[in-house]
Every structure is written in structure tokens, then in C-alpha cells.
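Here's a quick tour of the fold, written for someone who'd rather look at the geometry than read a parts list. Have the viewer open as you go.

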Amino acid sequence: MPFTVDGVVPWGRTMDEYCGMFDLGERDLRRRILGCGDGPASFNAEMTAQGYSVVSVDPLYALEAEAIEKRVEETYDVILEQLARNRDDFVWTCVPSLPALGQRRMWAMRTFLADFSRGLREGRYLDASLPDLPFEDNSFDLALSSHFLFLYSKEFDLDFHVRALEEMLRVAPEARAFPLLQVGGAPSPHVEGVIDAFTAQDIQARIEKVPYEFQRGGSQMLRLRRRTAAQTGG
Ligand SMILES: C[S@@+](CC[C@H](N)C(=O)[O-])C[C@H]1O[C@@H](n2cnc3c(N)ncnc32)[C@H](O)[C@@H]1O
């Protein structure tokens, strides 16, 4: 039976994994970053501890810490069991083994939970959902979606993806999304439609290879960039 989950699951990655998935270098890390659907990832907590600037939005943040912890723990058993049954659909280099993966995900969640109440007070964790973001235009330099857009292509249609990415590009001049595969590993059917929609709006849309692969074949991100006035001759 292929890897499958019901609905969008709370499952969190680390800063190191975000750097690989989005090919983030030091220049990127210094930008004002918005994470869309960061869930229980430790990206925000780790970035903040190192002096960088990240705001994360996720409907999960409406819950109390205990409820989030419970949901992640419930997800843990389901995902680890699915991974064990579909081991060959994944590449075990960035993450060497199933126990290592489990430990890394729980470390990410605990690091997130330890930072959650402070992050809420500081406005770094906000209960909000794509395709509507509660920010002024250009509040950020870079908006990211890790393991939300494209991954859940069955739950969210092409129109949702275009509206979500338009909103990300309203609040930041650049948006990146990873992976371009769905749960189960098939390519997302929305990638081509998204690229066509943005190319028609004169927005740069590029698929780029990144140094991270866990779902087999999933080592590409989509990068969308608004053209600057200089580029458009304005
Ligand atoms: C699989 S998790 C990914 C977490 C994190 N980005 C990572 O890669 O480790 C997907 C997240 O998307 C969130 N989500 C669901 N619907 C959303 C929406 N409409 N807008 C933003 N995030 C959403 C879920 O609550 C969940 O935390």
C-alpha cells in the first residue's frame, strides 16, 4: 500500500532541513522570512536563537501547546509505520534511518514547543491560514512553504495554490515552495498550472534543484520572483 495520510498532518522539520530544501545561504538567512504552514518545525525557534528573523503562520497555532504535542505524538505512530512499510520510496542519506528520523522529528517538535509561548508573545507564531495572510504588502523579503503547498494537491486545488502563492508574493517579493511532489511521491498535478499562471502575470517562475531529497525524486523547489521596477523598465 503506498504512503498515505488523511488530511494535512502536523509534522516538523529542522532549520538544517529548511536550509537544504530551500537552498538557503547566509544571504537568504539574513532576510525577513515568512514561513507558511511551519507547524511544529523548529525552523523559527532555531533561526531566532541564532539572531535571524522569521514569522511563522499556521492554523495549528490556534491550539494550546499540550494539544499540539498530542497531535504530533498521534501523527508520529502513523507516519513511522507508513515510512517503515514504504522504506524504498525514500532516500536515506539526509536522514540515515527510521529511528534517526523519528528522533529528529521529535527533537524539532520539542524545540518548537519550548519556544512556542515566547514566540506567540513576540508575534513570531501566528494563527493564520493561506490563502489569506494578515500582513501589509512587502512585510517580508522571502516567503516559504515547506510540505504544505503541492504536497497536499488532493486536498487543495490549482486555484487554491495560485491564490496562496499570489498572497505570499503580495507580502514578499519572492516565494519558494518545496517539495513539488504529493504525499505518496507522485508529482503534483498543479506545478505546471501554477507556473503558467505566474508566467502570464510576468512573474519569474523557476524549478530549481536543491541539496535535499527525502521523498525519492523530491529534490526540486519552485522559486517565484516578482520583477523589480528596474527589470520591468518602470
Ligand atoms: C506537514 S506540516 C509541515 C510543517 C513544516 N512546514 C515542515 O515542513 O516541517 C503541514 C502544515 O501545514 C499546516 N496547514 C494546514 N492548512 C494550512 C493553511 N491553509 N495555511 C497554512 N498552513 C496550513 C498544517 O497545520 C501543518 O502544520
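Start with two helices: α6 passes α7 in a right-handed crossing. On the α6 side the contact is made by L158, H161, V162, L165, E166 and L169, and on the α7 side by G193, V194, A197 and F198. Keep in mind that this is a predicted model. The axes of α6 and α7 are 10 Å apart and the packing angle is about 45 degrees. That makes α6 oblique to α7.

L158 is a handy residue to click on here. It sits in helix α6 and is partly exposed, with a relative accessible area of 35%. Leaving aside neighbours within four places in sequence, L158 is in contact with H190, G193 and V194. L158 and A197 are 39 residues apart in sequence, yet their C-alpha atoms are 9.8 Å apart in space.

**The sheet underneath**

What do these helices lie across? Seven strands form an open sheet with mixed pairing, in the order β3-β2-β1-β4-β5-β7-β6. The edges are taken by β3 (125-126) and β6 (204-209); each has a single partner strand, so one side of each is left without a neighbour in the sheet. Helix α6 (residues 158-171) lies across β1, β4, β5 and β7, at about 140 degrees to β5. Helix α7 (residues 191-200) lies across β6 and β7, at about 140 degrees to β6.

Here is how some of the strand pairs are put together:

| Strand pair | Sense | Bridges |
|---|---|---|
| β1 and β2 | parallel | four |
| β1 and β4 | parallel | four |
| β4 and β5 | parallel | four |
| β5 and β7 | antiparallel | four |
| β6 and β7 | antiparallel | six |

To check the register by eye, a few bridge partners will do. L34 pairs with V55 in β2, while G35 has L144 in β4 as its partner. L144 in turn stands opposite R176 in β5. Further along, A175 is matched with L224 in β7, and R206 with R223 in β7.

**Strands covered on both faces**

In a regular strand the side chains alternate between the two faces of the sheet. With that in mind, look at β1: I33 and G35 on one side and L34 and C36 on the other are all buried, so both faces are covered. From β1 the chain crosses through helix α3 (residues 43-49) to β2, a right-handed β-α-β crossover.

How many of the residues of β5 are buried? Five of five. E174, R176 and F178 are on one side of β5, with A175 and A177 on the other. The strand also belongs to a right-handed β-α-β unit made of β4, α6 and β5.

**Two buried residues to click on**

S56 belongs to strand β2 (residues 54-57). Is S56 buried or exposed? It counts as buried, because its relative accessibility is 0% and the cut-off for buried is under 20%. Beyond the residues up to four places away in sequence, S56 touches G35, D38, N44, Y61, R124, Y125 and L126.

Y18 is in helix α1 (residues 15-21), and with 2% relative accessibility it counts as buried too. Which residues does Y18 contact, leaving aside its neighbours within four places in sequence? The list is R13, D23, L24, D38, A41, F43, L144 and S146. Take L144 from that list: it is 126 residues from Y18 in sequence, while the C-alpha to C-alpha distance is 9.4 Å.

**One more helix pair**

Helix α4 (residues 65-85) and helix α5 (residues 98-121) also pair up: their axes come within 11 Å and cross at roughly 170 degrees. That makes α4 roughly antiparallel to α5, and α4 passes α5 in a right-handed crossing. From α4, the residues in the contact are A65, I68, E69, V72, E73, Y76, L80, L83 and A84; they meet L98, L101, G102, M106, M109, F112, L113 and F116 of α5.

Conventions: Residues numbered from 1 in each chain as written. Predicted model: local features only at pLDDT ≥ 70, side-chain atom pairs only at ≥ 80, totals over all residues. Heavy atoms only, no water. Pairing = 2+ DSSP bridges. Contact = heavy atoms within 4.5 Å. Axes fitted to C-alpha atoms, helices over the stretch in contact; angles between N-to-C directions. Buried < 20%, exposed > 50% of the residue type's maximum accessible area, 1.4 Å probe, protein only. Right-handed = clockwise from strand over helix to strand, strands pointing away. Parallel < 35°, antiparallel > 145°, perpendicular 65-115°, else oblique. Left-handed = near helix turned anticlockwise from the far one by under 90°.
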